[in-house]
Structures are given as C-alpha cells and as structure tokens.
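Q: Hey, could you walk me through this one? I'd like to get a feel for it before going back to the bench.
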Amino acid sequence: MENLKLLGLWEGVAIVLMASSLLLVIVLMLDLVAFGLAVAAEQRRASAKIGKDANSNYCVYDSDIATGMGVGSLLFLLASQLLIMFASRCMCCGRALRPGSSRAWAIVLFITCWVTFLIAGICLLAGSVRNAYHTKYRTYLSDNPPSCETLRKGIFGAGAAFIVFTGIVSELYYVSYSKANDGLLSKGGDAGIRMGTYN
C-alpha cells in the first residue's frame, strides 16, 4: 500500500514537471515570436521623403508595416505574461508559498517581471503609435519643406531588449514560484493564533 502511494506521488510530480516544462517552452516560443516581430519592426520603420506637385510640397511615406509588427509583438508578449501569471495564479491567489529563499526570489522576480513587461509594452506601444503618425500638411514652394515626422531609431529595439529581459525574468520567476509552491507546509507546528472560548 505504501508503495502505491509513493508511486502515485511520483506520477503526480512527473505530470507537474512535464506541465511546467511545456509551459516554459510555450512561454519561450511566445517571447521569441514577440522578439522577432520587434526586431523586424525596428528594421521596417516608416521612412519619408518630400514629394512635389505643381505648387506645394508634401510628405510621402513608404510602407507602414512596422506598426502592425509592433502591435503583434506587444500581443505575443502580453499572451506570454498572462500565461505565466495564470499558471502561477499571479502569486496572490491560492495557498501560501513555503517560506525560504525560493519564495523571496519569487517575490523579487515577480516585481521585476512586471516592471520589465511594462517598459517593453510602453516601448512597443509608443513606437507603434509614433510610427503610424504621418505628417498630413502641405507647404507652398516658397515656404520651407514640411518636416516629415518619422519614428526615431531604437524605440522598437529597446522594446525587443526588454522582451528578452521579461522572458528571462518571467521564466526564472515561474521556476522559483514552483520551487516555493511544491511540497506542503509543515503540519507539525501551528503558526496560527488560537482562539479561546469567550466567557
């Protein structure tokens, strides 16, 4: 009977480890796609040149594909982050974690994960919005040519760098969370406050 319980425990541990490994692989793939889209968006930023017609100057922009790539990158990064947070119950739901260094690292990495995610998201969103902005006005030939606004180089690149940081930190967070979450709290000592009878 004892062997069957031990065998059942090991099967449960193996299922959890496979599920954790599968989750980490899926998150890695989502982060790689997000990174690839951010790098591609950096390479395909909109550029502009000045066009002329009979009596005015105007801006002519090339393809606007980088905006879609930036938004796609943000969506893949968001899916990755939500998957990790759903799997770990965002650290605020579920049972308490075991005290120790794994719990401390899980808390630190949880906060760092959200900070890097927000920075990456802001870079990607701001880059996508700014890349989509096109100067619409015209100037007459006697005036100065219009300033054709384009996205500065490096915005999507910064987003791509923070996608890498977010991916690494989120996977380390999940591993630390799993280490702090596996096993049960010790049943020997009672850490709660005992309530006595009211007289």
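Here is a quick chat about the model shown above.

A: Sure. Keep in mind that this is a predicted model.

Q: OK, how many helices and strands does the protein have?
A: There are four helices and three strands. Along the sequence they run α-β-β-α-α-β-α.

Q: Where is confidence highest, and where is it lowest?
A: Helix α2, residues 65-87, comes out highest with a mean pLDDT of 92. Strand β3, residues 139-140, is lowest at a mean of 62. The protein averages 79, and 74% of the residues score at least 70.

Q: And which stretch has pLDDT below 50?
A: That's residues 184-190. In the model, this stretch makes five contacts beyond near neighbours in sequence. Where pLDDT is low, the predicted coordinates should not be read in detail.

Q: Switching topic: which residues does UniProt annotate as "transmembrane region"?
A: The unreviewed entry lists residues 12-40, 61-84, 104-133 and 154-175.

Q: How much helix is there in residues 104-133?
A: That span is 97% helix and 0% strand, with its end C-alpha atoms 44 Å apart.

Q: What about residues 61-84?
A: Those are 83% helix and 4% strand, and the end C-alpha atoms lie 39 Å apart.

Q: Last bit: what share of the residues is buried, and how much area is exposed?
A: Of the 199 residues, 32% are buried. The protein exposes about 12800 Å², and carbon and sulfur atoms supply 68% of that.

Q: And what share of contacts comes from residues 24 or more positions apart?
A: Counting contacts with a separation of 6 or more, 83% are between residues 24 or more positions apart.

Terms used:
Residues numbered from 1 in each chain as written. Predicted model: local features only at pLDDT ≥ 70, side-chain atom pairs only at ≥ 80, totals over all residues. Heavy atoms only, no water. Helix = DSSP H or I, 4+ residues; strand = E, 2+ residues; numbered from the N terminus. Buried < 20%, exposed > 50% of the residue type's maximum accessible area, 1.4 Å probe, protein only. Contact = heavy atoms within 4.5 Å. Areas by Shrake-Rupley, 256 points an atom, 1.4 Å probe, with all protein chains shown as cover. pLDDT = per-residue confidence, 0-100. UniProt positions renumbered as here; feature names shortened; annotations may be inferred.
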